[in-house]
Amino acid sequence: MSIDLPESAVPPPTGSDESSSAPSRRAFIATSAAVGGAVVAGGTFLAGSEEATAAGPSPSSRVSLTVNGTRRTVTVDNRTSLLDLLREHFDLTGSKKGCNAGACGACTVLVDGQRVNSCLTLAVRLEGAEVTTIEGLAEGDQLHPLQQAFIDEDAFQCGYCTPGQIVSGVGCIQEGHTGSPEEIREWMSGNICRCGCYVKIVRAVEQTAGRK
């Protein structure tokens with residue numbers, strides 16, 4: 001890229017008769033800086049365009065899975081998490097996006113009966129899997145026993161973590177980790193409640209496990 005400097009920005013030769021009308025040193029430096037910035041900006045713009053062109057479309061795959069008893073088939077970006085698939089593609093917004101790093105448990109769902117953090121699970125790896133979310137626990141108007149127990153024990157306040165807590169509690173009961181309050185706390189420790197309802201959550205899980 002060629003850059004033509006304005007004549008006023010080029011100092012005249014030493015001894016020239018035009019020395020009296022030459023621009024100041026400050027004006028010359030300012031003009032040079034502006035021209036250099038234009039060159040750098042132009043180069044950055046061109047490099048960015050080339051990278052965008054080379055990247056192309058993101059790879060995608062077709063995946064079929066059963067969600068809450070319904071068979072679903074969708075084509076998604078290979079980077080799509082199960083959580084985003086549920087919320088953005090299937091409109092199942094009960095599973096919450098909390099930390100989005102697998103540390104809070106707000107996004108907990110069951111995959112083939114096992115508890116998973118859906119924010120860390122790639123959707124394309126679940127071909128043929130059976131997924132159960134908070135929306136799939138009740139049978140019509142009949143709440144799941146643990147959902148009813150959360151109401152009976154007043155085991156929630158703001159409710160943001162509640163879907164993940166309930167799904168995780170269902171998994172905990174199915175796994176048989178309900179022998180004592182201490183065991184329940186240990187196996188439910190991956191689910192964080194910012195409101196501090198842990199005592200009542202444990203009671204709700206105990207109440208439900210006692211009915212089995």
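Begin the tour by selecting C161, which is buried at a relative accessible area of 13%; here buried means under 20%, exposed means over 50% and partly exposed lies in between, computed with a 1.4 Å probe on protein chains only. What you have open is a predicted model, in which local features need a pLDDT of at least 70 and side-chain atom pairs count only at pLDDT 80 or more, whereas totals for chains, interfaces and linings use all residues. Residues are numbered from 1 along each chain as its sequence is written, and side-chain values use heavy atoms, with hydrogens and water left out.

**The cysteines**

Keep C161 selected and add the other cysteines to the view. A search of the whole structure finds zero disulfides, a disulfide being a pair of cysteine sulfur atoms within 2.5 Å. C161 accordingly takes part in none, and its nearest cysteine sulfur, that of C193, is 4.0 Å away. Move next to C195, whose sulfur lies 3.7 Å from the closest cysteine sulfur, in C158, which is too far for a bond. With 30% relative accessibility, C195 counts as partly exposed, whereas C161 is buried.

**The whole chain**

Now zoom out and colour by secondary structure. The protein has six helices and five strands, where helices (H or I, at least four residues) and strands (E, at least two residues) are DSSP runs numbered from the N terminus. Followed along the sequence, these elements give the pattern α-β-β-α-β-β-β-α-α-α-α. Of the 212 residues, 33% count as buried. The accessible surface comes to about 12,600 Å², and 51% of it belongs to carbon and sulfur atoms; such areas come from the Shrake-Rupley method with a 1.4 Å probe, and for residues only the protein chains shown count as cover. Among the contacts (heavy atoms within 4.5 Å) with a separation of 6 or more, 55% are between residues 24 or more positions apart.

**Strand 1 and its partners**

Select strand 1 (60–67) and strand 2 (70–77), together with the loop between them that holds N68. The two strands run antiparallel and are joined by eight bridges; strands are said to pair if DSSP finds at least two bridges between them. At S60, look across to D77 in strand 2, which stands opposite. At the turn, the two strands form a hairpin with two residues between them. N68 sits in that turn and has a positive phi of about 50 degrees, although it is not a glycine. Most residues other than glycine have a negative phi. At 25% relative accessibility, N68 counts as partly exposed.

Add strand 5 (residues 130–132) to the selection, and a parallel pairing with strand 1 over two bridges comes into view. Which residue of strand 5 is the bridge partner of T66? It is E130. T66 itself belongs to strand 1 and counts as buried at 15% relative accessibility. Leaving out residues up to four places away in sequence, T66 touches R71, A129, E130 and V131.

**Helix 3 and the cores**

Turn next to helix 3 (145–152) and show the side chains of L146, Q147, A149 and F150, which are the buried residues of this helix. They lie on the same side of helix 3, because they cover an arc of only 160 degrees around the axis, the arc being that of the directions from the helix axis to the C-beta atoms. Show helix 4 (162–175) and helix 6 (198–210) as well, since the buried residues of helix 3 pack against helix 4 and helix 6.

Just after helix 3, select D154, which takes a positive phi of about 55 degrees although it is not a glycine. D154 is found in the loop between helix 3 and helix 4, and counts as partly exposed at 43% relative accessibility.

Now select A204, which is in contact with L146, A149, F150, E153 and A155 once its neighbours within four places in sequence are set aside. In the largest nonpolar core, of 22 residues, those touching the most other members are L137, L146, F150, I166, I201 and A204. A nonpolar core is a set of buried Ala, Val, Leu, Ile, Met, Phe, Trp, Tyr and Cys residues joined through side-chain atoms within 4.5 Å. Helix 3, helix 4 and helix 6 are the elements that give two or more residues to this core. As a last stop, select L65, V74, V111 and A129, which are among the 16 residues of another core lying apart from the largest one.
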